[in-house]
Amino acid sequence: MNKNVKLLAAVAAAFAIGFSANNFAMSDVPSNFKVAVVDVQQVVASSAQVKALKKEQQAKTEEVIKYIDKARKDVASVSDEKKKKALEDKYNKELVTKRETLEKDYATKLQAIDKNISSTIETQAKAKNYNVVLAKGVVLYGGDDITADIVKIVK
């Protein structure tokens with residue numbers, strides 16, 4: 001019984017300390033503190049820049065496929081094994097270079113789009129006096145959803 005009383009007193013003290021700490025932490029938040037949320041996936045899916053980049057990547061991928069088909073035909077047309085191996089090596093090196101260039105170009109353009117979207121969100125947040133903007137997926141409750149405003153701008 002004595003152990004139960006001590007345990008109950010410890011739990012009550014821990015609760016009181018936690019509640020006090022929570023009130024203390026929230027006491028610095030001004031009453032006009034504004035939080036916005038943005039559905040980033042929806043913004044990215046609606047972005048004209050992202051759509052253009054996807055279309056461009058599709059075209060470049062088709063070019064690479066045509067290049068591979070041409071390389072296969074060229075290699076198949078050679079009967080000398082030594083020349084065939086040299087031609088395969090040449091095409092493989094060119095293909096690796098093309099792939100690396102494509103990936104680097106894509107990453108650069110994607111980074112620029114990300115920066116543009118982030119800048120748009122920041123500009124809108126400042127214009128509407130929001131103190132914090134969070135991704136909608138991490139917020140369980142609250143915050144003003146400004147996704148539609150951002151989507152209008154990035155379209």
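**From the S47 loop to the cores of the chain**

S47 is found in the loop that joins helix 2 to helix 3. The model in which this residue is placed is a predicted one. S47 has a relative accessible area of 1%, and it is therefore classed as buried, the threshold being under 20%. Its side chain makes a polar contact at 3.2 Å with the backbone nitrogen of Q49. The atom of S47 involved is a side-chain oxygen, and the contact is located at the start of helix 3. Leaving aside residues up to four places away in sequence, S47 also touches I113, I117 and V154.

The helix that follows this loop, helix 3, covers residues 48-77 and contains 30 residues. From its first C-alpha to its last it reaches 44 Å, close to the 44 Å expected at 1.5 Å a residue. Its buried residues are V50, L53, Q57, V64, Y67, A71 and V75. These buried positions pack against two other elements, helix 2 (40-46) and helix 4 (81-127).

The wider arrangement gives these helices their context. The chain holds five helices and three strands, and their order along the sequence is α-β-α-α-α-β-β-α. Among contacts with a separation of 6 or more, 83% join residues that are 24 or more positions apart. Buried residues amount to 18% of the 155 residues in the chain. The exposed surface of the chain is about 11900 Å², of which carbon and sulfur atoms supply 59%.

In soluble globular proteins, nonpolar side chains tend to be buried together. The largest nonpolar core of this chain has 14 residues, and the members that touch the most other members are V38, V43, I117, I146 and I150. At least two residues of this core come from each of strand 1 (35-38), helix 3, helix 4 and helix 5 (147-154). The greatest contribution, four residues, is made by helix 4. I117, listed among those core members, is also one of the residues that S47 touches.

I146, another of the core members named above, touches A36, V37, V38 and Y130 when residues up to four places away in sequence are not counted. A second core, separate from this one, consists of five residues, including Y67, A71, L87 and Y91. Y67 and A71 are among the buried residues of helix 3.

Terms used:
Residues numbered from 1 in each chain as written. Predicted model: local features only at pLDDT ≥ 70, side-chain atom pairs only at ≥ 80, totals over all residues. Heavy atoms only, no water. Expected span 1.5 Å × (residues − 1). Buried < 20%, exposed > 50% of the residue type's maximum accessible area, 1.4 Å probe, protein only. Contact = heavy atoms within 4.5 Å. Polar contact = N/O pair within 3.5 Å; in protein donor to acceptor, adjacent residues only side chain to side chain. Core = buried A, V, L, I, M, F, W, Y, C linked by side-chain atoms within 4.5 Å. Areas by Shrake-Rupley, 256 points an atom, 1.4 Å probe, with all protein chains shown as cover.
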